[in-house]
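Take a moment to look over the model before reading on. This report moves from charged side chains to the packing of helices.

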Amino acid sequence: RGDSEGSIMVWQVPEVTDTQLAQIKQGNTDKPTSMGPKMETSLTAAWANMKPPPVGILDQLDCGEIAGIKLMASIYLPQQSRLVVGRQDGSIIIVPATQTVMLQLLHGSHQQYDDWPPHQVLLGHAGRVNCLLYPHHTNPRYDKAHLVSGGVDFAVCLWDLYAGTLLHRFCVHAGEIMQLLVPPNTCSVRVGKCICSVASDHSVTLLSLTERKCIVLASRHLFPVVTIKWRPLDDFMIVGCSDSTVYVWQMETGHLDRVLHGISAEEVLYACDETTSITNPGESGLANPAVHFLRGLRHRNMSAIRHATQRGLHQLQQLSHHSNQDGIDHQKSRAFPLMIQGLRTNPKDPESHILCFDIEALIVQLLNEEYSAMSPGTLEAQGLINSSEYLKVAALTQSASPDAHKKIAGVLAKLKEGAENVQTKLQAKAESVGFRPINVEGGTRGNGGEFSHKKVCEANLTMEIAQLLLSLLHAWGLDPDLDLVCEGKLGLLRPMVPVSFGVLSKGGYMSLLLPTWQPYKAEMGKDAASALEANLPKEMVELERATRTFTAQTHWELSTTLTTNHLLAIIALANTLMSMNNASFVAEQERNRKLQSSLWKYVRAKMTSTAALEKTFVRTQGNRSVLSWKPDEAAEDL
């Protein structure tokens with residue numbers, strides 16, 4: 001038996017003979033025979049029984065008076081490798097994902113910093129944050145800077161992710177926000193700029209992020225909302241409730257079109273799940289303006305009439321532009337090396353977090369960054385590009401004009417002036433939102449002139465993910481000499497705590513093996529305490545011993561599937577890193593590698609630009625016997 005609280009109970013029903021059954025019938029029927037469960041457990045109880053308790057992904061913020069704030073919602077931004085977490089007190093924390101995971105799981109110099117990794121706090125909710133949404137990750141039609149959150153205070157907040165400011169607060173629901181959704185790409189232009197919110201008062205809204213207002217409020221549902229589907233071609237939003245009733249809403253006018261029950265409701269939901277033919281956004285919306293116009297006339301809605309007319313004219317003007325474009329929803333989704341997924345068995349419980357690594361995507365991104373730093377000659381020598389194709393592209397980029405160098409000099413002068421103006425504007429914008437200038441030593445100066453140590457995030461995000469994965473998969477303790485090489489030369493970090501592993505199938509199913517080493521860890525390492533361990537707290541010594549036992553032995557006894565996957569991942573990543581040019585997880589070596597690469601890029605750019613100008617001058621003035629050309633100041637800068 002499993003219940004909504006996340007607990008599981010198992011009974012073992014015994015075999016009952018006829019004689020025993022007759023005795024039971026003759027007994028007292030007012031008090032039937034009872035039998036307790038053989039086993040009762042829950043995920044919450046399993047974590048509570050762990051001593052010491054498992055680490056949290058934001059434990060570095062639990063100190064002083066604000067200790068123990070539960071994490072209620074989270075979302076991972078893979079393009080920026082940042083984790084956004086909503087907490088029980090209404091605050092939203094934005095933190096670098098790989099760095100905060102390293103702080104909780106791995107030893108290293110980062111354990112000595114007080115304020116690492118740097119984090120950002122968004123304050124605007126008056127209670128628990130229930131859900132988060134980053135619309136741009138779902139569809140690129142949304143603004144990259146927009147972050148949406150819903151809380152227990154009935155409000156949906158729109159944030160500027162980079163400035164850390166509250167842009168707008170939508171207060172249209174009469175219950176706490178339970179879910180945030182993104183409409184499909186084939187909706188109208190106006191609905192395409194909206195997000196959908198579902199509240200505990202059984203209401204559903206479409207909130208426009210550009211107009212900063214609610215355009216549809218669907219609030220006539222008698223039972224909780226369990227599903228939302230879309231019919232963009234018919235301009236319908238389909239809302240299914242827990243009593244199997246289906247409500248059909250018009251998205252453009254906001255009117256309730258019909259209410260369906262029984263078989264009709266099931267057929268409508270099934271029709272929304274059917275695979276439709278691939279159509280272009282411009283073509284799919286051609287019939288919608290007329291339908292919206294007639295609905296607006298019927299309901300005497302002047303706003304709907306005006307929007308339908310404007311959109312119809314816009315689509316007629318953009319018909320030729322959209323005729324050669326495909327829908328964005330049908331593009332192949334990009335794979336990311338790391339994804340962080342929240343996990344809970346009960347809506348009342350705080351979230352746990354699962355790190356999903358994609359080995360193939362990680363290798364592809366490592367090689368992509370390696371090849372982008374290579375020169376054309378190096379790429380050709382390694383057989384990665386064809387020299388003839390490169391020469392064709394280079395020839396197309398050369399100018400045959402007699403005054404090519406003057407044009408280039410003028411363009412560069414304008415670009416230089418424009419870059420200085422942009423830099424000035426960016427600096428003023430950064431100072432206006434509260435960012436302080438960073439000095440060359442990687443810290444910031446406080447208002448009082450005292451230096452506060454803050455690490456600047458200059459690390460390669462892809463290399464950080466690879467370092468985190470290899471540090472967790474390496475068999476620490478099997479070979480002490482190899483451990484010294486990995487820790488001192490390669491830059492791997494030793495784990496601080498045992499971790500739970502799992503596998504993710506291609507079909508999207510996950511098998512997570514919880515820490516089964518806990519019940520018998522005490523019997524596995526009862527060695528005599530050393531002189532150093534005698535002066536340390538008992539809990540710290542037990543945790544260190546459990547970690548060593550897990551990384552050296554228990555990790556490789558959990559499952560043959562896990563062992564095979566982990567060994568293949570280590571071999572594949574090691575081969576990839578060996579094929580790269582001086583790849584290292586040591587911060588100083590990686591910084592020198594980046595500096596050397598930047599210097600070579602600068603020298604190559606200078607040489608290429610000078611050679612291009614000389615070839616252009618010789619080609620255009622080649623009929624003269626004596627060539628003399630003195631570049632002006634802008635050309636000398638080039």
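A salt bridge is a side-chain nitrogen of Lys or Arg within 4 Å of a carboxyl oxygen of Asp or Glu. Keep in mind as you read that this is a predicted model.

**The protein as a whole**

Let's begin with the overall picture. The protein has 638 residues, and 36% of them count as buried. Its secondary structure comprises 21 helices and 24 strands. Among contacts with a separation of 6 or more, 56% join residues that are 24 or more positions apart.

**Salt bridges**

How many salt bridges does the structure hold? There are 11. One of them pairs Glu176 with Arg128, whose closest N and O atoms are 3.0 Å apart. Glu176 sits in the loop between β10 (165-170) and β11 (177-181), while Arg128 sits in the loop between β6 (120-123) and β7 (129-133), so this pair ties together parts that are 48 residues apart in sequence. Glu176 has 21% relative accessibility and therefore counts as partly exposed. Arg128, at 25%, counts as partly exposed too.

Here are three of the salt bridges, each with its N to O distance.

| Salt bridge | Distance |
|---|---|
| Glu176 and Arg128 | 3.0 Å |
| Lys213 and Glu211 | 3.6 Å |
| Arg231 and Asp234 | 3.4 Å |

What about the surroundings of the other two pairs in the table? Lys213 is partly exposed at 40% relative accessibility, and Glu211 is partly exposed at 32%. For the remaining pair, Arg231 has a relative accessibility of 29% and counts as partly exposed, and Asp234 is partly exposed with a relative accessible area of 33%.

Lys213 and Glu211 also belong to a wider group: together with Arg190 and Glu252, they are linked in a network of salt bridges. Glu252 has another partner as well, since its backbone nitrogen lies 3.1 Å from a polar atom of the Asp235 side chain. Is Asp235 buried or exposed? Asp235 is buried, because its relative accessible area is 3%, and buried means under 20%. You can find Asp235 in the loop between β15 (225-231) and β16 (236-241).

**Helices that meet**

Now turn to helix α15 (residues 461-473), whose axis comes within 10 Å of the axis of helix α3 (residues 97-105). The two axes cross at roughly 25 degrees, which means that α3 is roughly parallel to α15. Which residues make this contact? On the α3 side they are Thr98, Gln99, Val101, Met102 and Leu105, and on the α15 side they are Glu464, Ile465, Gln467, Leu468 and Leu472. The crossing of α3 and α15 is left-handed.

Helix α15 has a second neighbour to explore. The axes of α15 and helix α19 (residues 560-579) come within 10 Å and cross at roughly 140 degrees. These two helices are therefore oblique to each other. The crossing of α15 and α19 is left-handed. Here Met463, Leu469, Leu470 and Leu473 of α15 meet His566, Ala569, Ile570, Leu573 and Leu577 of α19.

To finish, try tracing α15 in the model: find Leu468, which takes part in the contact with α3, and then Leu469, which takes part in the meeting with α19.

How values were computed: Residues numbered from 1 in each chain as written. Predicted model: local features only at pLDDT ≥ 70, side-chain atom pairs only at ≥ 80, totals over all residues. Heavy atoms only, no water. Helix = DSSP H or I, 4+ residues; strand = E, 2+ residues; numbered from the N terminus. Buried < 20%, exposed > 50% of the residue type's maximum accessible area, 1.4 Å probe, protein only. Polar contact = N/O pair within 3.5 Å; in protein donor to acceptor, adjacent residues only side chain to side chain. Axes fitted to C-alpha atoms, helices over the stretch in contact; angles between N-to-C directions. Parallel < 35°, antiparallel > 145°, perpendicular 65-115°, else oblique. Left-handed = near helix turned anticlockwise from the far one by under 90°. Contact = heavy atoms within 4.5 Å.
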